[in-house]
Amino acid sequence: MKFVEAINNKNLPLIIDMMSEDFYFIDTYGNKENKEQMKTGWQGYFDWFPDYLIDVFDYIENEKFSMIIGKASASYMGNKEKYWEFPACWKVIVNGNQIQTWQVFCDSKKQLDSMK
């Protein structure tokens with residue numbers, strides 16, 4: 001939940017600090033990006049969606065991973081006419097006190113359409 005809070009606050013130094021050295025972000029299409037790529041990836045995403053927000057509705061976990069269930073919302077370049085929100089969930093693998101995997105599952109059509 002601290003990682004979600006860092007994302008919602010656009011706290012890039014904390015986000016980077018919380019990612020393990022073998023971190024992977026996996027998008028809804030299965031594309032993977034490592035920690036080095038995500039150092040600039042997060043900033044680029046926040047530039048596109050400065051009001052990006054994750055709302056958490058539920059959280060479940062087992063000994064291997066956790067699932068965050070909620071919704072994501074934002075507006076492209078802060079333009080309220082290009083606002084979107086959709087249900088989403090995130091698979092999270094934690095190694096020690098750091099995030100090793102952050103995988104998102106959602107239908108990102110609204111998000112992509114807002115960028116047109």
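Here's a quick tour of a few strands, one serine and two cysteines. Keep in mind that the model is predicted. We'll start with how strands S4, S5 and S6 pair up, then zoom in on Ser-75, which sits in S4, and finish with Cys-89 and Cys-106, which don't bond to each other.

**How the strands line up**
- Strand S4 covers residues 66–75, and ten bridges join S4 to S5, with the two running antiparallel.
- S5 spans residues 83–95, and Trp-84 in S5 stands opposite Ala-74.
- On to the next pairing: S5 is also antiparallel to S6 (residues 98–106), and eight bridges join them.
- One of the matched pairs here is Val-94 with Ile-99 in S6.
- S5 and S6 make a hairpin with two residues between them. Take a look at Gly-96 in that turn, as its phi is positive, at about 70°.

**Zooming in on Ser-75**
- Ser-75 counts as buried because its relative accessibility is 0%, and buried means under 20%.
- Its side chain makes a polar contact with the side chain of Asp-51, at 2.6 Å.
- Beyond its neighbours within four places in sequence, Ser-75 is in contact with several residues, including Trp-48, Phe-49, Pro-50, Lys-80 and Tyr-83.

**What about the cysteines?**
- How many disulfides does the whole structure have? Zero, according to the search.
- Cys-89 is in no disulfide, and its nearest cysteine sulfur belongs to Cys-106, 8.6 Å away.
- Why no bond for Cys-106? Its closest cysteine sulfur, in Cys-89, is 8.6 Å off, so that's too far, given that a disulfide needs the sulfur atoms within 2.5 Å.

Definitions and conventions:
Residues numbered from 1 in each chain as written. Predicted model: local features only at pLDDT ≥ 70, side-chain atom pairs only at ≥ 80, totals over all residues. Heavy atoms only, no water. Helix = DSSP H or I, 4+ residues; strand = E, 2+ residues; numbered from the N terminus. Buried < 20%, exposed > 50% of the residue type's maximum accessible area, 1.4 Å probe, protein only. Polar contact = N/O pair within 3.5 Å; in protein donor to acceptor, adjacent residues only side chain to side chain. Contact = heavy atoms within 4.5 Å. Pairing = 2+ DSSP bridges.
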